[in-house]
Amino acid sequence: MEPRAEKGEEGEGGRITAQLLKASTGEFALESILLLKLRGRGIADLGCLGECANLEWLDLSGNAISQLGPLAALKALAVLNLSSNRVCSLEPLGSCESLQSLNLAGNLVSSLQQLQCLTGLRRLESLRLRDALGRLSNPVCAAGAYRSALGDMFPGLKAIDGERVSGRGSELYQLCRDLDSSLGRCAAAAEPPRAPTPWVEDGFWELRPARRSSIIEEAYRQFGDVLRECRELGQRADDTIAQAERALSLRADPSSYVF
């Protein structure tokens with residue numbers, strides 16, 4: 001399906017600049033940006049986006065993006081929404097080692113081979129190529145068995161196209177696959193036993209400082225906005241009721257409700 005790109009204030013040939021990033025986030029340094037939403041801006045060139053080294057959450061949906069080169073530098077990126085763009089080459093995303101959720105609905109991915117570069121992303125749990133609600137898809141989705149093929153390519157996936165994967169993606173499933181692979185290699189190699197090695201690296205059990213999560217902060221912010229709107233609506237309703245009661249009390253005929 002042909003991807004849709006919303007026209008926004010940046011224009012069809014829009015380019016991401018440091019000024020745009022700072023104006024959109026209120027941050028003075030690009031390295032301080034953790035969460036970024038640039039939906040429907042007509043962006044075609046990612047520009048200096050790769051300088052946001054600590055970016056964790058990125059929404060670029062509804063633009064005109066075809067080249068993803070700068071994204072290769074975003075090692076901390078966990079959530080990426082590229083829906084409704086013009087992407088067909090995904091190689092730069094193979095370097096986003098922290099990526100957990102990827103939305104590619106409404107792009108130009110035409111074969112499973114184009115997704116092969118993502119198989120090294122060990123943390124990837126959610127992959128979307130089709131969005132029935134938004135009527136977004138990719139040419140590869142025309143193949144009826146593409147979902148099962150994705151499950152084989154990405155055994156760690158817990159959700160495909162927004163639907164939970166049954167029997168795959170769980171820790172037990174992944175553990176069984178790793179054990180099968182290990183046993184197969186041992187049987188084929190038939191090498192003499194080696195000295196035992198630790199199961200985990202040095203320092204694995206040491207406590208690490210908590211890291212601020214931009215995703216949780218955004219959720220709290222949105223919840224606060226909704227709660228504030230509800231309070232405002234409640235106050236308006238109270239004021240309207242009070243005005244109606246005063247108007248009725250001033251009428252000579254209290255049985256009349258026309259006002």
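Is Asp161 buried or exposed? With a relative accessibility of 10%, Asp161 counts as buried, where buried means under 20% relative accessible area, exposed means over 50%, and partly exposed lies in between (1.4 Å probe, protein chains only). Keep this residue in mind, as we will meet it again.

Before we go on, a word about the model. It is a predicted one, in which local features need pLDDT of at least 70 and side-chain atom pairs count only at pLDDT 80 or more, while totals for chains, interfaces and linings use all residues. Residues are numbered from 1 along each chain as its sequence is written, and side-chain values use heavy atoms, with hydrogens and water left out.

Let us start with helix α2, which covers residues 146–153. Helices (H or I, at least four residues) and strands (E, at least two) are DSSP runs, numbered from the N terminus. In α2, the buried residues are Tyr146, Leu150, Gly151 and Met153. Looking down the axis of α2, you would find these residues within an arc of 165 degrees, so they line one face of the helix; the arc is that of the directions from the helix axis to the C-beta atoms. Among the elements that cover them are β7 (126–128) and β8 (159–160).

Helix α2 also has a part in the nonpolar core. Such a core is a set of buried Ala, Val, Leu, Ile, Met, Phe, Trp, Tyr and Cys residues joined through side-chain atoms within 4.5 Å. The largest one has 45 residues, and those with the most contacts inside it are Leu21, Leu49, Leu58, Leu71, Leu93 and Leu115. The elements that give two or more residues to this core are α1 (18–25) and α2, and α2 gives the most, with three residues. For a closer look, take Leu21: leaving aside neighbours within four places in sequence, Leu21 is in contact (heavy atoms within 4.5 Å) with Ile16, Leu30, Ile33, Leu36, Leu38, Cys48, Leu49 and Cys52.

Now for the charged residues. Side chains of opposite charge can pair when their charged atoms come close. A salt bridge is a side-chain nitrogen of Lys or Arg within 4 Å of a carboxyl oxygen of Asp or Glu, and the structure holds five of them.

One salt bridge joins the side chains of Lys158 and Glu125, at 3.8 Å from N to O. Lys158 sits in the loop between α2 and β8, and Glu125 in the loop between β6 (101–103) and β7, so this pair ties together parts that are 33 residues apart in sequence. Lys158 is partly exposed at 21% relative accessibility, and Glu125 is partly exposed too, at 34%.

Here Asp161 returns. Its side chain meets that of Arg147 in a salt bridge of 3.9 Å, N to O. This pair links distant parts of the chain, with Asp161 in the loop between β8 and β9 (163–164) and Arg147 in helix α2, 14 residues apart. Arg147 also forms a salt bridge with Glu163, with the closest N and O atoms 3.6 Å apart. Because Arg147 lies in helix α2 and Glu163 in strand β9, the pair ties together parts that are 16 residues apart in sequence. Through shared partners, these salt bridges join Arg147, Asp161 and Glu163 into one network. Arg147 is partly exposed, at 29%, and Glu163 is partly exposed, at 48%.

Finally, look at the backbone. Asp161 is not a glycine, yet its phi is positive, near 55 degrees. Arg135, also not a glycine, has a positive phi of about 55 degrees. Arg135 lies in the loop between β7 and α2 and is exposed, with a relative accessible area of 66%, whereas Asp161 is buried.
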